[in-house]
Amino acid sequence: MDVPTPPWRTPRKIARQQLSQDLIVRTGLRILDEEGLEALSMRRVAQELGTGPASLYAHVANKEELLELIFDEVVGEIEVPVADPARWRDQLKELCWHMYRVLGSHADVGRLALASIPVGPNAARVSEAFLSIMLAGGLPPQVATWGLDRLYLYVTADAYESSLFLAKQRASGLALDSWADQFFGQVRTYLSQLPADRFPSLTGNVDAMMRGDGDERFEFGLEMLLRGLDSFRDY
């Protein structure tokens, strides 16, 4: 047990961590993970670090830059393979799945990549891996570069949609399974009750439309994209 400071003496101050860009980014990511994007601000990060917002601007220009740095920090968790021409499709699929899992482990991070171009060192490393794999697989440079853009968009958008569903579930106060059963049950009921004479395709395929979980649908979409890319090898 620590010995208390006598009341007539000045108490010792706890030394603060030295402010740095890395510390600011890690703090911002922690807030994002725990409370979501809406809770993240320069002021909130400064409060967490026990300082004023002005002191952050020597290390991070503004919130927009902070979000870019946070995204690149998360992308640094993605492991990339050495391109193997014989396994290019399998490697693309594995890399997309790994990226999807990493983004999904951090609330709202998928949203940070939308309407922007990830350009940090970690994002560049992942982009280099995607391009190297596609070029090694025989895709023309134009197809590979556009393919990189479309794959990035697919993975990040799907991760962001998942984060939105989780936010709705948390707000409902229900367990994930209970919320999903309730939400998708309501969607199924609505589709089933549409006038069959006006919406024969929808009402006649409700079971097919509602079948499959998020992972199965992600796998389907990924396979659809990869088959499309494969068809461009002689483009």
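This is a short tour of one helix pair and some salt bridges in a predicted model. Residues are numbered from 1 along each chain as its sequence is written, and side-chain values use heavy atoms, with hydrogens and water left out. Because the model is predicted, local features need pLDDT of at least 70 and side-chain atom pairs count only at pLDDT 80 or more, while totals for chains, interfaces and linings use all residues.

**Stop one: two helices**

Select residues 88-104, helix α5, and residues 121-136, helix α7. (Helices are DSSP runs of H or I, at least four residues, numbered from the N terminus.) Their axes, lines fitted to C-alpha atoms over the stretch in contact, with angles running from 0 to 180 degrees between N-to-C directions, come within 9 Å and cross at roughly 160°. The two are therefore roughly antiparallel (over 145 degrees).

Now show the side chains where they touch (heavy atoms within 4.5 Å): W88, Q91, L92, L95, C96 and M99 of α5, with A129, F130, I133 and M134 of α7.

**Stop two: E219 and K93**

Stay with α5 and pick K93, then add E219: their side chains form a salt bridge, 2.8 Å from N to O. (That means a side-chain nitrogen of Lys or Arg within 4 Å of a carboxyl oxygen of Asp or Glu.) E219 lies in helix α12 (residues 214-230), so the pair ties together parts 126 residues apart in sequence.

Add R89, E223, R227, D230 and R233 to see the network of salt bridges that links them with K93 and E219.

**Stop three: R30 and E48**

Finally, select R30 and E48, another salt bridge, with the closest N and O atoms 3.3 Å apart. R30 lies in helix α1 (residues 21-35) and E48 in helix α2 (residues 42-48).

Methods: Parallel < 35°, antiparallel > 145°, perpendicular 65-115°, else oblique.
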